[in-house]
Amino acid sequence: FTVTAVTENSAYSGTAVYNFDISYKITPRFFLSAETVDQGSALVVYGENLLEDMPVSVSVAFSYSPSVIRRGTKMYSIIPFNYKREAGEAAVTVTYGEGETVQLNYTVAAIEFPSDYEEQEITVSDETAAATINNSAAYTEYNKLVAELAKISDEEVYWTGRFIQPCDGTVTSDYAYTRYLNGKAGSTHAGVDLACDEGTPVCASNSGRVIYSGELQMSGNTVIIEHGNGLQTKYLHMSARNVETGEMVVQGQQIGAVGMTGLATGPHLHFEVDVSGACISPWPLLDGTSPIYKIQDFQ
Ligand SMILES: [Zn+2]
């Protein structure tokens, strides 16, 4: 900037101009949504005061590659903690600029999931078993599709406010339950099962883009919605589907009806929430305690 000095009423009068070059550095600031996270919930890493072309990446100590969403001079990254994440102290590492790093410490709080004390015995018919649990092709079909869809992470945030329960119903199997299928230990439950009458409307839990609508051997009539930033909801075992792949849906819109297609013993909806392939508990998104909501204030 420039300083102009004007001298008056003296033997010398005149003007002197001094020029200065000023350089200043704005330091990026990174912080977490909370210092503690429950198993099954999520943390959000935030950054601000970033230069727009400054590279930023986020890494964690477990097998997960967080994606970084940029918004001008800000960034954020959602880190899901599924039921498998070990309780205790850990850190997120943010690398920015020319390799500078910041460590953000947090604690994973242990949650007593029903799997600790409750197990479920599920018996399916021989016909269903042959098509699903005794059919490796059915697992491969489902797992391959889901792994491919988990790579989708739309830049835009389509969701607003709380997520809603897609249909009324009794919870017959909760998130992280351990189930036994026809006497064999099955996988830990990735979602919530809501039992209700066949044909009950199933609604989109929040607004988003339908990234899959189709029928699979394992999950029957299936709809998967991308809500933005890799946050996805899954609706399985339906009797009907009302939307097509590629369609945009709004919260509460009917996307299908409850059924028992695929691996099911009775009419129910399997409702699941995933962040870039990691299943998290739907409940914090339904009751408003998930830190994922605050992302909306940071846009
Ligand atoms: Zn289920």
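How many cavities of 30 Å³ or more does the structure hold? I started my notebook with that one, and the count came back as 1. A reminder to myself before going on: this is a predicted model.

**Entry 1, the cavity.** I looked up the volume next, and about 30 Å³ of space lies in the largest cavity. Then I listed who lines the largest cavity: Y64, S67, I69, S77, I78, N229, V275 and S276. Sorting that lining by character gave me 4 nonpolar residues, 4 polar ones and no charged ones. I also wanted to know which domains supply the lining. Domain 1 (29-109) and domain 2 (114-298) each contribute at least three residues to the lining of the largest cavity.

**Entry 2, backbone angles.** I turned to phi next, keeping in mind that most residues other than glycine have a negative value. Two residues caught my eye here.

A176 came up with a phi near 75°, which is positive, and this residue is not a glycine. I placed A176 in the loop that runs between β12 (170-173) and β13 (178-181). Is A176 buried or exposed? I found A176 buried, because its relative accessible area is 1%, under the 20% cut-off.

H237 is my other case, with a positive phi of about 65° in a residue that is again not a glycine. I traced H237 to strand β19, which covers residues 231-238. What is the relative accessible area of H237? I noted 6%, so H237 goes down as buried.

Note on methods
Residues are numbered from 1 along each chain as its sequence is written. This is a predicted model: local features need pLDDT of at least 70, side-chain atom pairs count only at pLDDT 80 or more; totals for chains, interfaces and linings use all residues. Side-chain values use heavy atoms; hydrogens and water are left out. On a 1 Å grid over the protein atoms alone, a cavity is a set of points where a 1.4 Å probe fits but cannot get out, and a pocket is an open set with protein on both sides within 12 Å along at least five of seven lines; lining residues have an atom within 4 Å of a point. Grid points are joined across faces, edges and corners, and a volume is the space filled by probe spheres set on the points. Ala, Val, Leu, Ile, Met, Phe, Trp, Tyr, Cys and Pro count as nonpolar, Asp, Glu, Lys and Arg as charged, and the others, Gly among them, as polar. Domain bounds come from an automatic or database domain assignment. Helices (H or I, at least four residues) and strands (E, at least two) are DSSP runs, numbered from the N terminus. Buried means under 20% relative accessible area, exposed over 50%, partly exposed in between (1.4 Å probe, protein chains only).
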